[in-house]
Structures are given as structure tokens and as C-alpha cells.
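Biologist: Please take a close look at one part of this structure for me. I would like one connected account.

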Amino acid sequence: MQATDGPFAVGSGPLVSGTTLALIMAMTGRTAYLAELDGEGVPILRERVPAQT
């Protein structure tokens, strides 16, 4: 994961990029923010983030 608006970068594997806010919100399960992310790793992240009910 790599932020497009600051120095935040973490992890390894296929890239997921977006704003710091969108990355953090997606990592905490806020699926609406997945649409704001780009990169090869987004489909993997979509599978790993549980849908909110």
C-alpha cells in the first residue's frame, strides 16, 4: 500500500495506491473506499475486506 498524498507506504506484494484516508478506511473495513483505490492489489484487497452488513 502506498499513499498518493503523503509518505505512507507499507507491506509487500501487488501495489494498492490511493489517498492516506482511503487506504486507512479500506484497511479498517470501510468497503466504500475501495472504489477510490488503484493498483494490481485492489482485487485482492476486495476479497480480504469483509462486506459490512
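Which residues line the largest pocket?

Modeller: A caution to start with: this is a predicted model. The residues that line the largest pocket are Met1, Val10, Gly11, Ser12, Gly13, Pro14, Leu15, Val16, Gly41, Ile44, Leu45 and Arg48. The space in the largest pocket is about 240 Å³. By class, 7 of its lining residues are nonpolar, 4 are polar and 1 is charged.

Take one of the lining residues, Gly13. Gly13 sits in the loop between strand S1 (2-3) and strand S2 (17-18). Is Gly13 buried or exposed? Its relative accessibility is 60%, and the cut-off for exposed is over 50%, so Gly13 counts as exposed. Gly13 can also be placed against Leu37. In sequence, 24 residues separate Gly13 and Leu37. In space, their C-alpha atoms are 15 Å apart.

Leu37 leads on to Ser17, since the two residues touch. Ser17 belongs to strand S2, the strand at one end of the loop that holds Gly13. Ser17 has a relative accessible area of 14%, and buried means under 20%, so Ser17 is buried. What does Ser17 touch, leaving aside residues up to four places away in sequence? The list is Gln2, Thr4, Leu23, Glu36, Leu37 and Asp38. Gln2 lies within the span of strand S1 (2-3). So the two residues picked out here fall in opposite classes: Gly13 is exposed, whereas Ser17 is buried.

Now the setting. The protein chain has 2 helices and 2 strands. Along the sequence, the pattern reads β-β-α-α. The radius of gyration is 10 Å, close to the 10 Å that the globule rule gives for 53 residues, so the protein chain is as compact as a globular protein of that length. Along the principal axes, the C-alpha atoms fill a box of roughly 35 × 20 × 15 Å.

Burial and contacts fill in the rest. Of the 53 residues in the protein chain, 30% are buried, Ser17 being one of the buried residues. Among contacts with a separation of 6 or more, 17% join residues 24 or more positions apart. The accessible surface of the protein chain is about 3,600 Å². Carbon and sulfur atoms account for 55% of that surface.

Back to the pocket, then. Its lining takes in Met1, the run from Val10 to Val16, and Gly41, Ile44, Leu45 and Arg48. Gly13 is the lining residue described here in detail, exposed at 60% relative accessibility.

Key:
Residues are numbered from 1 along each chain as its sequence is written. This is a predicted model: local features need pLDDT of at least 70, side-chain atom pairs count only at pLDDT 80 or more; totals for chains, interfaces and linings use all residues. Side-chain values use heavy atoms; hydrogens and water are left out. On a 1 Å grid over the protein atoms alone, a cavity is a set of points where a 1.4 Å probe fits but cannot get out, and a pocket is an open set with protein on both sides within 12 Å along at least five of seven lines; lining residues have an atom within 4 Å of a point. Grid points are joined across faces, edges and corners, and a volume is the space filled by probe spheres set on the points. Ala, Val, Leu, Ile, Met, Phe, Trp, Tyr, Cys and Pro count as nonpolar, Asp, Glu, Lys and Arg as charged, and the others, Gly among them, as polar. Helices (H or I, at least four residues) and strands (E, at least two) are DSSP runs, numbered from the N terminus. Buried means under 20% relative accessible area, exposed over 50%, partly exposed in between (1.4 Å probe, protein chains only). The radius of gyration is taken over C-alpha atoms; the globule rule is 2.2 Å times the number of residues to the power 0.38. Contact means heavy atoms within 4.5 Å. Accessible areas come from the Shrake-Rupley method with a 1.4 Å probe; for residues, only the protein chains shown count as cover.
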